[in-house]
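Me: I would be grateful for a close look at a single part of this chain, set in the context of the whole.

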Amino acid sequence: KPNTKQDIINTNTGVAFSLKSVSKNHTQCHLASKKRWIEYFDINPVIERWFDMFFGVPGFDITDGKNKQHRMTASEIDSRLNAMAVDWFNENRMAIFDVIVKKGMSDTPVDYLIWFDKPKGLHSVHSVKDLEELVYNGEWILKETTLHFITADGKKLFHVQMKGSGKKYNSGYHGLMFHIYKCF
């Protein structure tokens, strides 16, 4: 059903699964409008300004035509503000994990993630608790147009980027689109 992380539920045990069907080594795991994200996490106005710059503002070109995506890249944003934003992501990494993988914004928790490799027709099942440990010891780092989450052993587990497809100037266009990588 919509607004849930639960794709499959064992009605006898209550164990819930999230299914990720992938064609490459990663797939989308969460999409939220910038407005919803900021409200959900009660983000302070200073960090909210960074979100406006990095992810853009629906219906408004903050770059005066310099960027076709109507948002600023990391090198165009004050480094102190970038540092504050990265600190926010790292200070909230477990809460972010809860939203993007474990239970969503509607509190529908999953116990396992099923990774289905479509081209190979193979699947594997992974405990959300095991993934949670990877997040606990990892960190978010800022790239020019994305943030990457790197595990303690140097593997990329997530990235977040601006949703940049579809009709411009709607709330989804400047949303936060999270992808998960198979590094587990």
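Me: The part I have in mind is Asn10: where does Asn10 lie in the chain, and is Asn10 buried, partly exposed or exposed?

Reply: The account below begins with Asn10 and then turns to the chain around it. The model is a predicted one, and the remarks that follow should be read accordingly.

Asn10 is found in the loop that joins strand E1 (8-9) to strand E2 (16-22). Its relative accessible area is 31%. Because buried means under 20% and exposed means over 50%, Asn10 counts as partly exposed. The side chain of Asn10 also has a polar partner in the backbone: one of its polar atoms lies 2.8 Å from the backbone nitrogen of Asn12.

As to the setting, the chain contains five helices and nine strands. Read from the N terminus, these elements follow the order β-β-β-α-α-α-α-β-β-α-β-β-β-β.

The overall dimensions can be stated as well. The C-alpha trace spans about 55 × 35 × 35 Å along its principal axes. The radius of gyration is 17 Å, which agrees with the value near 16 Å for a compact globule of 184 residues. Of these 184 residues, 47% count as buried. Among contacts with a separation of 6 or more, 58% come from residues 24 or more positions apart.

Finally, the surface and the charges: the chain exposes about 9,700 Å², of which carbon and sulfur atoms supply 49%. There are 25 positive and 21 negative side chains, and the centres of the two sets are 7 Å apart.

Terms used: Residues are numbered from 1 along each chain as its sequence is written. This is a predicted model: local features need pLDDT of at least 70, side-chain atom pairs count only at pLDDT 80 or more; totals for chains, interfaces and linings use all residues. Side-chain values use heavy atoms; hydrogens and water are left out. Helices (H or I, at least four residues) and strands (E, at least two) are DSSP runs, numbered from the N terminus. The radius of gyration is taken over C-alpha atoms; the globule rule is 2.2 Å times the number of residues to the power 0.38. Buried means under 20% relative accessible area, exposed over 50%, partly exposed in between (1.4 Å probe, protein chains only). Contact means heavy atoms within 4.5 Å. Accessible areas come from the Shrake-Rupley method with a 1.4 Å probe; for residues, only the protein chains shown count as cover. Lys and Arg count as positive and Asp and Glu as negative; His and the chain ends are not counted. The place of a charge is taken as NZ of Lys, CZ of Arg, CG of Asp or CD of Glu. A polar contact is a pair of N or O atoms within 3.5 Å; within protein, one must be able to donate a hydrogen and the other to accept it, and residues adjacent in sequence count only if both atoms are side-chain atoms.
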